[in-house]
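Reader: Please take one part of this protein and go through it closely. Then connect it to the rest of the chain. Keep it brisk.

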Amino acid sequence: MEILVISGLSGGGKSKAASYLEDIGFYIVDNMPAAMILKFAEFCAAGNGRYDRVALVYDVRTGSSFSELFDVLDQLKEGNACCSMLFLEAAPEVIIKRYKETRRRHPLLDSVDTLEEAVHRERELMAPVRARADHIIDTSRTTTAQLRGELLRIFGQESDTGGMAVSLTSFGFKYGIPLEADLVFDVRFMPNPYYMDELRHQTGLDAPVAEYVFSFPQTTEYLNRVKDLLSFSLPLYAEEGKAVLVVAVGCTGGHHRSVAVTRALTEYIRSLGYPVTENHRDINRGG
């Protein structure tokens, strides 16, 4: 079991980090007191693999002492748990700007007179936690995509795809391009099964239609080139922080060619390890 403690300064990016880590398979628990961590770890260990990767967000809101947290971490490591701590921070002026933009209230503002004092006070309080951290990320000049990529680099597993899902849809150009599409591929150049009497009333999901579409060398070559493009670009979209990439494949009516190609691309993208959904928007619309 892997246990990650996410800590750091308020406004440093803990919430964003937690959401990105959730995308790559961590079970997230926010604001858990140190005294409860050991019991929670026991619960997770008995979860039959459901909670193999757990991330606990810990900050000044918990109210527990840091020495208690450190004792818990030591006990977890002695128990052979894979345990580490991530600390997120940013420059004081950056944190102050973020609070002004969001109009949120700093958790220490009740004990000091100004936001600036609260930011500096928290930095002092969290210094022992920072010193104990295994990984420190300064988000002062880090974009959300860069933060996501750094977390994937540190905590991602070989099979992780950055949490990005791919949605493929076939469509007919006569009904318009899907508004949500990120990538659009036009396959109207392919030989059209619509003009074959025995295929007209079938769809690209039927074997005879798919066999006809892929019996032409230009179709096979085109599909291979699209696969090369996707294998190159999908990791870059994931690294940039894309949660869902919508790929649309269009032919004239959305019944034959686009459906067959969408089905083939779905199988290919799934083989790359991405969660993928397949939809055929216009397959049941009139010719």
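Author: Start with Phe216, in the loop between helix H8 (207-213) and helix H9 (217-239). One caution before going on: this is a predicted model. Phe216 has a relative accessible area of 25%. Buried means under 20% and exposed means over 50%, with partly exposed in between. Phe216 is therefore partly exposed.

Now look at what touches this loop. Pro191 is in contact with Phe216, once its neighbours within four places in sequence are left aside. The other contacts of Pro191 on that basis are Tyr212, Gln218, Thr219 and Arg257. Pro191 itself belongs to another loop, the one between strand S7 (183-186) and H8. Its relative accessibility is 19%. That is under the 20% cut-off, so Pro191 counts as buried.

Two distances help to place these residues. Phe216 and Ile283 are 67 residues apart in sequence, and their C-alpha atoms are 22 Å apart in space. Pro191 and Arg105 are 86 residues apart in sequence, and here the C-alpha to C-alpha distance is 62 Å.

That 62 Å leads to the overall shape. The C-alpha trace spans about 80 × 45 × 30 Å along its principal axes. The secondary structure comes to ten helices and nine strands. The radius of gyration is 25 Å, and the globule rule gives 19 Å for 287 residues. The value for this chain is well over the rule, so the chain is more spread out than a compact globule.

Some totals for the chain follow. Of its 287 residues, 47% count as buried. The chain exposes about 14800 Å², and carbon and sulfur atoms supply 50% of that area. Among contacts with a separation of 6 or more, 79% are between residues 24 or more positions apart. There are 31 positive and 39 negative charges, and the mean positions of the two sets are 5 Å apart.

Turn next to the strands. Strand S1 covers residues 2-8. Seven of the seven residues of S1 are buried, so the rest of the structure largely encloses this strand. Both faces are covered. On one side are Glu2, Leu4, Ile6 and Gly8, and on the other are Ile3, Val5 and Ser7.

S1 has parallel partners. Five bridges join S1 to strand S3 (residues 53-57). In that pairing, Leu4 has Ala55 as its bridge partner. Seven bridges join S1 to S4, again running parallel. Here Ile6 is bridged to Leu86, and Gly8 is bridged to Leu88.

S4 (residues 82-89) is mostly covered too, with seven of its eight residues buried. Four bridges join S4 to strand S5 (residues 135-138), and these two strands run parallel. Leu88 turns up again in this pairing, opposite Ile137 in S5. Leu88 is thus a residue to click on when tracing S1 and S5.

Now for the backbone. Most residues other than glycine have a negative phi. Asn31 has a positive phi of about 60 degrees although it is not a glycine. Asn31 is in the loop between strand S2 (27-30) and helix H2 (34-45). At 31% relative accessibility, Asn31 counts as partly exposed.

Arg103 also has a positive phi of about 60 degrees, and Arg103 is not a glycine either. Its loop runs between helix H4 (92-102) and helix H5 (115-125). Arg103 has a relative accessibility of 77%. The cut-off for exposed is over 50%, so Arg103 counts as exposed.

One last residue to check is Ser67, found in helix H3 (residues 66-78). At 43% relative accessibility, Ser67 counts as partly exposed. Ser67 and Ala34 are 33 residues apart along the chain, and their C-alpha atoms are separated by 9.4 Å.

Back to the starting point, then. Phe216 is partly exposed, whereas Pro191 counts as buried, and the two are in contact.

Conventions. Residues numbered from 1 in each chain as written. Predicted model: local features only at pLDDT ≥ 70, side-chain atom pairs only at ≥ 80, totals over all residues. Heavy atoms only, no water. Rg over C-alpha atoms; globule rule 2.2 N^0.38 Å. Buried < 20%, exposed > 50% of the residue type's maximum accessible area, 1.4 Å probe, protein only. Contact = heavy atoms within 4.5 Å. Areas by Shrake-Rupley, 256 points an atom, 1.4 Å probe, with all protein chains shown as cover. Lys, Arg positive; Asp, Glu negative; His and termini not counted. Charge placed at Lys NZ, Arg CZ, Asp CG, Glu CD. Pairing = 2+ DSSP bridges.
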